[in-house]
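Work through the exercises below with the sequence and the structure in view. Try each task before reading its solution.

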Amino acid sequence: MRIMPNHESVRLTGRWHLDAAGAVTTATGGTIEIAVSGEFIELFFNTDMNMEPVPHIWICIDDGPKVESVVQRVLRVEFSDAGPHLIRVIYKGAVESQHRWYPPLIGKLHFIGYEAGSPALLPPDDRPIIEFIGDSITEGQQIDAEHEFSPILADNYTFQNDAAASYGWQTAKLLGMRPRLIGYGCLGATHGGRGGVPIASEAYPYNFSGSPVSSFDASVIVVNLGANDRNRSEEEYIREYRSLLAVIRQHNPAAKLVVLSAFCVVYPAALRAMVDAVNRETGDSIVFLDSAGWVPPEPLHPGRDAHRHIAEKLAAALRPLL
């Protein structure tokens, strides 16, 4: 019998649209956890609108090694014993230019249930959520830039991108928190992302167009935008960034809000001044962190080691705030 994503044996972390037809996310890093008993599990995905290059996922059994796969209609995993077992699926990477906001959704992970011996009891996860809002760097684009098999850049992306190796994911791990990534290639405070994503302040309240976020429950929210705002004026950047912070705070009145300056150094002094002004005017306690010097400004997309270095710096800066 097909068990649907809204069953108590399934836990979704990330930005998911959940309805009777299944669960859909367009933000990489979205995670599915399933507890089952039995000798196998079959995972079912709706791939009707997925196009080449098809998104990639990680599959992990009982906190063992992760195995990479393309998204397929059915993925069967056979266990060595009857369990119970915990299966974790992570949306690893996608092509940023594929539609991820307006229908038809192409760069999406659409989970439509599973079959197994029987559902089991999910182990509790009371770790607080830390949310990262950013661009292609936040979604882990080109972390493995050496995996270049085609002269067409986009054909390499699903092999190069890895949300689970991004600085946000690794920071969450170092802090013992659950990561939620909202990262879209080319996204900025003043600039919409590729794949139809609107500017950050308009995108934040939604999973994708027509799907409002159902709950805002992050304990810490880190914003890192600017790489795609470099060609806009300082005035426009600061104005739109301030609007984004207002939207985030409206939906998350109690969260610790952190502004992390762009790694490629975009108007950091003005950004710090804006955060200070907002705090004075509203009584807020938004934290500004200057990332200057954490990693070289080039390449724009840090590799695995650079993401790890950012995570170590960021985790050290965040620990006193928690």
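Contact here means heavy atoms within 4.5 Å. The model is predicted.

**Exercise 1. Determine which residues of α4 meet which residues of α5, and describe how the two helices cross.**

Solution.
- Step 1: Locate the helices. α4 covers residues 234-251 and α5 covers residues 268-282.
- Step 2: List the contacts. On the α4 side are Glu234, Tyr237, Ile238, Tyr241, Arg242 and Leu245, and they meet Ala270, Leu271, Met274, Ala277, Val278 and Glu281 of α5.
- Step 3: Sort this contact by class. Nine residues are nonpolar, three are charged and none is polar.
- Step 4: Describe the packing. Two packed helices are characterised by the angle and the distance between their axes. For α4 and α5 the axes come within 10 Å and cross at roughly 40 degrees.
- Step 5: Name the arrangement. Angles under 35 degrees would count as roughly parallel, and 65 to 115 as roughly perpendicular. α4 and α5 are therefore oblique to each other. The crossing is right-handed.

**Exercise 2. Describe the crossing of α2 and α6 and the residues that form their contact.**

Solution.
- Step 1: Find the two helices. α2 spans 167-175 and α6 spans 304-318.
- Step 2: Take distance and angle. The axes of α2 and α6 come within 8 Å, crossing at roughly 45 degrees. This angle makes α2 oblique to α6.
- Step 3: Give the hand. α2 and α6 cross in a right-handed way.
- Step 4: List the contacts. Tyr167, Gln170, Thr171, Leu174 and Leu175 come from α2; their partners in α6 are Arg304, His307, Arg308, Ile310, Ala311, Glu312, Leu314, Ala315 and Leu318.
- Step 5: Sort by class. The contact of α2 with α6 has eight nonpolar, three polar and three charged residues.

**Exercise 3. Describe the largest pocket and state which element gives the most to its lining.**

Solution.
- Step 1: Give the volume. The largest pocket holds about 690 Å³ of space.
- Step 2: Count the lining. It consists of 28 residues, and Arg88, Ile90, Ala164, Trp169 and Lys173 lie nearest the centre of the pocket.
- Step 3: Assign the lining to elements. Those supplying at least two residues each are β1 (10-13), β4 (31-45), β5 (56-61), β8 (85-93), α2, β11 (178-183) and α6. α2 gives the most, with five residues.
- Step 4: Sort by class. The lining has 13 charged, eleven nonpolar and four polar residues.

**Exercise 4. Describe the second largest pocket in the same steps.**

Solution.
- Step 1: Give the volume. About 200 Å³ of space lies in the second largest pocket.
- Step 2: Count the lining. There are 13 lining residues, and Gly14, Arg180, Ser214, Ser215 and Asp217 are the closest to the centre.
- Step 3: Assign elements. β1 and β11 each supply at least two residues of this lining.
- Step 4: Sort by class. Five lining residues are polar, four are nonpolar and four are charged.

**Exercise 5. Place the cis peptide bonds at proline 53 and proline 299, and the positive phi of aspartate 62, in the chain.**

Solution.
- Step 1: Glutamate 52 and proline 53 are joined by a cis peptide bond with omega about -10 degrees. Proline 53 is in the loop between β4 and β5.
- Step 2: The bond from glutamate 298 to proline 299 is cis, with omega near 0 degrees. Proline 299 sits in the loop between β16 (287-289) and α6.
- Step 3: Aspartate 62 is not a glycine, yet has a positive phi of about 55 degrees. Aspartate 62 belongs to the loop between β5 and β6 (66-70).

Key:
Residues are numbered from 1 along each chain as its sequence is written. This is a predicted model: local features need pLDDT of at least 70, side-chain atom pairs count only at pLDDT 80 or more; totals for chains, interfaces and linings use all residues. Side-chain values use heavy atoms; hydrogens and water are left out. On a 1 Å grid over the protein atoms alone, a cavity is a set of points where a 1.4 Å probe fits but cannot get out, and a pocket is an open set with protein on both sides within 12 Å along at least five of seven lines; lining residues have an atom within 4 Å of a point. Grid points are joined across faces, edges and corners, and a volume is the space filled by probe spheres set on the points. Helices (H or I, at least four residues) and strands (E, at least two) are DSSP runs, numbered from the N terminus. Ala, Val, Leu, Ile, Met, Phe, Trp, Tyr, Cys and Pro count as nonpolar, Asp, Glu, Lys and Arg as charged, and the others, Gly among them, as polar. Axes are lines fitted to C-alpha atoms, for helices over the stretch in contact, and angles run from 0 to 180 degrees between N-to-C directions. Angles under 35 degrees count as roughly parallel, over 145 as roughly antiparallel, 65 to 115 as roughly perpendicular and the rest as oblique. A crossing is left-handed if the near helix is turned anticlockwise from the far one by less than a right angle, and right-handed if clockwise.
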